[in-house]
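Visitor: Could you walk me through this model before I set anything up with it? I'd like to start with what is covered and what is open.

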Amino acid sequence: GAAVEAVSFVPAAKAVPALLAKLQGASKDMTVAIARALGVLGDKAGVPALVAALADKEEEVRIAAARSLGAIGEGSAVTALVKAAAGGGSSGMAARESLDRIAGKEAGQALLACLKDADAKVRAEAARSLGARRVDVPIEPLLEMAGDADAAVRAQAFKALSGVVRAEHLAALAGVVAKTSDSSDAAASAILAAATQIPDAVSRADAVVAECGKATGPGKLALWGVLGRLGGPKALEVLRAGVKDPDAETAKAAVKALGLWPDT
């Protein structure tokens with residue numbers, strides 16, 4: 001450990017090539033030490049080797065590599081870290097922590113690109129990390145991701161949106177829920193986050209009510225749960241009518257929504 005720390009006193013231009021040369025055929029413990037030393041140096045020249053180490057068969061190596069990449073903070077490592085984080089386990093957690101430390105435009109662009117990955121776990125992890133940043137996050141890609149076919153991806157997208165949505169996104173969010181029939185807490189929270197930014201409590205539910213009028217079946221019922229939390233005269237009118245619906249399940253959904261009502 002002391003030797004790894006001492007590396008920081010060596011100029012990176014000399015230390016990094018020397019460390020990389022030692023990687024070939026190194027033992028597990030030596031590889032871990034080198035990965036840690038590269039993080040201490042914080043030089044971008046060590047990034048490719050650390051990215052490669054994210055796929056090492058030894059978890060200790062993967063953890064050390066992930067942590068060092070976070071210390072260096074290089075945006076070009078973001079895609080590899082997203083995929084490592086999506087893999088789960090202790091190394092996945094280390095990759096996730098480092099991923100959220102890396103700031104900058106390049107990192108943001110890489111995360112947006114990962115939203116289109118074929119692997120649902122990768123898409124979900126990218127959405128989660130975008131939400132963790134809560135600054136300079138473009139809304140449109142996350143809105144698109146909120147309509148993903150995979151429930152886990154939608155959940156992360158809605159969680160991310162909860163921290164960045166504005167009132168003008170309310171109708172778009174409600175439209176997504178109407179199409180996906182997503183009645184999850186994450187979806188409701190995102191809609192509520194946008195609606196509560198509308199100063200007039202009486203009109204907060206208007207955009208959701210409008211989408212309810214367009215929606216059918218499960219999509220409409222998913223929005224009813226949100227109406228129950230928003231309240232307001234128009235929402236109450238919709239749910240009172242729902243209670244009288246001849247379909248027993250529809251009437252039940254309306255009663256459940258009324259049970260969430262915010263006032264007497």
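Guide: Let me fix one term before anything else: a residue is called buried when its relative accessible area is under 20%, exposed when it is over 50%, and partly exposed in between. Please also keep in mind that this is a predicted model.

Visitor: Okay, then is cysteine 114 buried or exposed?

Guide: Cysteine 114 has 4% relative accessibility, which is under the 20% limit, and therefore it counts as buried.

Visitor: And what about cysteine 212, buried or exposed?

Guide: Cysteine 212 is buried as well, because its relative accessible area is 6%.

Visitor: How many disulfides does the structure hold?

Guide: The structure holds zero disulfides. For background, a disulfide is a covalent bond between the sulfur atoms of two cysteines.

Visitor: Let's move to pockets. How much space lies in the largest pocket?

Guide: The largest pocket has about 260 Å³ of space, and its lining is made up of 19 residues, with Ser183, Leu221, Ala222, Trp224 and Gly225 lying nearest the centre. The elements that contribute two or more residues to this lining are α13, α15 and α17.

Visitor: Which element gives the largest share of that lining?

Guide: That is α15, which supplies six residues, the largest share of the lining.

Visitor: What is the lining like by class?

Guide: Sorted by class, the lining has eleven nonpolar residues, three polar ones and five charged ones.

Visitor: Tell me more about α15, then. Which of its residues are buried?

Guide: The buried residues of α15 are Gly219, Ala222, Leu223, Trp224, Val226, Leu227, Gly228 and Leu230, and what covers them includes α12, α13, α14, α16 and α17. Two of the residues named earlier as lying nearest the centre of the largest pocket, Ala222 and Trp224, are therefore also in the buried set of this helix, by the under 20% criterion.

Visitor: What does the length of that helix look like against expectation?

Guide: Helix α15 runs over residues 217-230, and its 14 residues should span 20 Å at 1.5 Å a residue; the end C-alpha atoms are 21 Å apart, so the two values agree. Just after α15, glycine 231 takes a positive phi of about 75 degrees.

Visitor: Where else is there a positive phi, in a residue other than glycine?

Guide: Serine 181 has a positive phi, near 60 degrees, and is a residue other than glycine. Serine 181 sits in the loop between α12 and α13, and it is partly exposed because its relative accessible area is 29%. As a general point, most residues other than glycine have a negative phi.

Visitor: Switching to α9, how many of its 14 residues are buried?

Guide: Twelve of the 14 residues of α9 are buried, so by the under 20% criterion this helix is mostly covered. The buried set includes charged side chains as well as alanines, among them Arg123, Glu125, Arg128 and Arg133 alongside Ala124, Ala126 and Ala127. What covers the buried residues of α9 includes α6, α7, α8, α10 and α11.

Visitor: And what does α11 pack against in turn?

Guide: The buried residues of α11 pack against α9, α10, α12 and α13, and those buried residues are Val153, Arg154, Gln156, Ala157, Phe158, Ala160 and Leu161. Helix α11 has twelve residues and reaches 16 Å from its first C-alpha to its last, close to the 16 Å expected at 1.5 Å a residue.

Visitor: What does isoleucine 102 contact?

Guide: Leaving aside neighbours within four places in sequence, isoleucine 102 is in contact with Leu69, Gly70, Gly73, Glu74, Gly75, Val78, Leu81, Ala107 and Arg133. Isoleucine 102 lies in the loop between α7 and α8, and at 0% relative accessibility it counts as buried. Its C-alpha atom is separated by 44 Å from that of leucine 258, which is 156 residues apart from it along the chain.

Visitor: Last one: how far apart are the C-alpha atoms of alanine 33 and lysine 256?

Guide: Those two C-alpha atoms are separated by 57 Å, with the residues 223 residues apart along the chain. Alanine 33 is found in helix α3, and it is partly exposed, with a relative accessible area of 27%.

Technical notes. Residues are numbered from 1 along each chain as its sequence is written. This is a predicted model: local features need pLDDT of at least 70, side-chain atom pairs count only at pLDDT 80 or more; totals for chains, interfaces and linings use all residues. Side-chain values use heavy atoms; hydrogens and water are left out. Helices (H or I, at least four residues) and strands (E, at least two) are DSSP runs, numbered from the N terminus. The expected span of a helix is 1.5 Å times one less than its number of residues. Buried means under 20% relative accessible area, exposed over 50%, partly exposed in between (1.4 Å probe, protein chains only). Contact means heavy atoms within 4.5 Å. On a 1 Å grid over the protein atoms alone, a cavity is a set of points where a 1.4 Å probe fits but cannot get out, and a pocket is an open set with protein on both sides within 12 Å along at least five of seven lines; lining residues have an atom within 4 Å of a point. Grid points are joined across faces, edges and corners, and a volume is the space filled by probe spheres set on the points. A disulfide is a pair of cysteine sulfur atoms within 2.5 Å.
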